[in-house]
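Q: I'd like a close look at one part of this fold, strand by strand. Could you walk me through it once it's on screen?

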Amino acid sequence: MKFMLKMVFVGLLCSSKVFAMFGGVKLSGEDAPDWALGNFSCGATLIAPRVILTAAHCPIQNNNKIGYYHRKTGDILSGTAYKYDGYIGDGASLNDVAIIFLDKSYDELNTISLPSYNLENTLLTDNDLPFPYFDGKGGVALYGKVHYNGQPYNFARDVGYMNKYYKYIDGHYEPGNYRMIYMSLNRMLKGPYPRALTSNIVLNSDYSNFLMNDKKMTISDIDNELIMFPSRVSSEGSVIYNPIASGDSGGTIVYEKNGKTNMIGVISGSQSHARLKSNWKWIIDKVSALSKDDAFYIAKQIIGNKWGANDRKGNTGDIFIYNNPYNGDIEYFRLRQLGSDDRYWYFPTDKQNNYYWEYLGTDYPEVKEFELFNTFNRWGANDRKGNIGDIFIYSDPYNGDIEYFKLKQLGSDDRYWYFPTDKQNNYYWEYLGTNYPDIEKK
């Protein structure tokens, strides 16, 4: 069973020598960013001084030596490739990532920016304008296939950003004023693509059955794992296509904002791609076994919380990373409490908890651990006003537990009051326990 999605006219696209420039800007030589890499089969991205990120389905084997051209200079960066352990192959975009650990460190090169979980969640959201969206704005751009004329030197130097859909007009493709935008599967099903799971518009029925029945994934799970760019219909009723072709595999899906290029995914096929949000744990764990310095370089960007930032103010539940100078380990802590001045203090250095911090260990946390506190309400928000039935999360300073409560009453001023600290109910709150509640926030 083949999961790879087929796009109309893909053969014509691959033969087009100007394909990569459609709807975008040509970048050559010194104009190409340091992080842009590629070979005759795939693209790749420099994410740390010794780490390249590409697609698992690119023609590499585990622990096999491989080289990529540096698109700015034409130099070859070589290293050892490792595919994602959970990649199922057969053209699937799920977990379609691989790293190449380079033979030497390229500290002089600028790596691509890696957004924190919180930033990524704000960048990769449904466009809130009515569909279709035709005014040429939007945030998602793709860094894709090169214009190379069969020569390694040219291949490494001529590249382009692809950020617009195109139309097939009079025997050739032309970009239109249709900026590529991200759309979640949930919105597709509720809006313009009710058959997105059963047609080839985004996912074919075989792949959908595999994700939802074999892997037991929900629509929300799929949105957390994949980035999807469906083809669209123009205002005249003609089909407009996204510009991704097979030669773009392994390239970078980026979101450009405020002058920064943030990497959010790896190009996997034509319309369904690996979202890095759910792959960072594997990437960082794999890199950590090879180079702690490079693992820390990546992880500190993804976590986004640095000790001392924002005048030592933070949110209870936030996860921080610590490169412990006393034992050489990379350690992870969750902020438990703030002091009387609304600030936190130092990490413990003995792998223990203290008043301010919960020690989480040296293993990179699962993505849900970072988003746990964002899923639920926190005490005191919105002037202590809430809706009956809302779920709240509480870091209990008296016992060190993470506890959950359901709001069951409001006072005469339409506000709630303190949580009980003895794992019991009170007038305002129903105690739900310390396990992640199997309940959706209302």
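Which order do the strands of the open sheet of 7 strands have, and is the pairing parallel or antiparallel?

A: Sure. One thing up front: this is a predicted model, where local features need pLDDT of at least 70, side-chain atom pairs count only at pLDDT 80 or more, and totals for chains, interfaces and linings use all residues. Residues are numbered from 1 along each chain as its sequence is written, and side-chain values use heavy atoms, with hydrogens and water left out.

The order runs β1-β9-β8-β15-β16-β17-β12, and the pairing is antiparallel. Strands here are DSSP runs of E with at least two residues, numbered from the N terminus, and two of them pair if DSSP finds at least two bridges between them. At the edges sit β1 (26-28) and β12 (226-228), each pairing on one side only. Direction ignored, neighbouring strands are turned by 40° against each other on average; the axes behind that angle are lines fitted to C-alpha atoms.

Now zoom in on β9 (residues 158-162). Its link to β1 is 3 antiparallel bridges, with S28 partnered by D158 in β9. Towards β8 (residues 140-143) there are 2 bridges, again antiparallel, and L142 stands opposite M162. Because 5 of the 5 residues of β9 are buried, this strand is largely enclosed by the rest of the structure (buried means under 20% relative accessible area with a 1.4 Å probe, protein chains only). Both faces are covered: D158, G160 and M162 lie on one side, V159 and Y161 on the other.

Further along, β15 (252-257) and β16 (260-266) run antiparallel, joined by 6 bridges, and Y255 has N262 in β16 as its bridge partner.

Terms used. Helices (H or I, at least four residues) and strands (E, at least two) are DSSP runs, numbered from the N terminus. Axes are lines fitted to C-alpha atoms, for helices over the stretch in contact, and angles run from 0 to 180 degrees between N-to-C directions. Buried means under 20% relative accessible area, exposed over 50%, partly exposed in between (1.4 Å probe, protein chains only).
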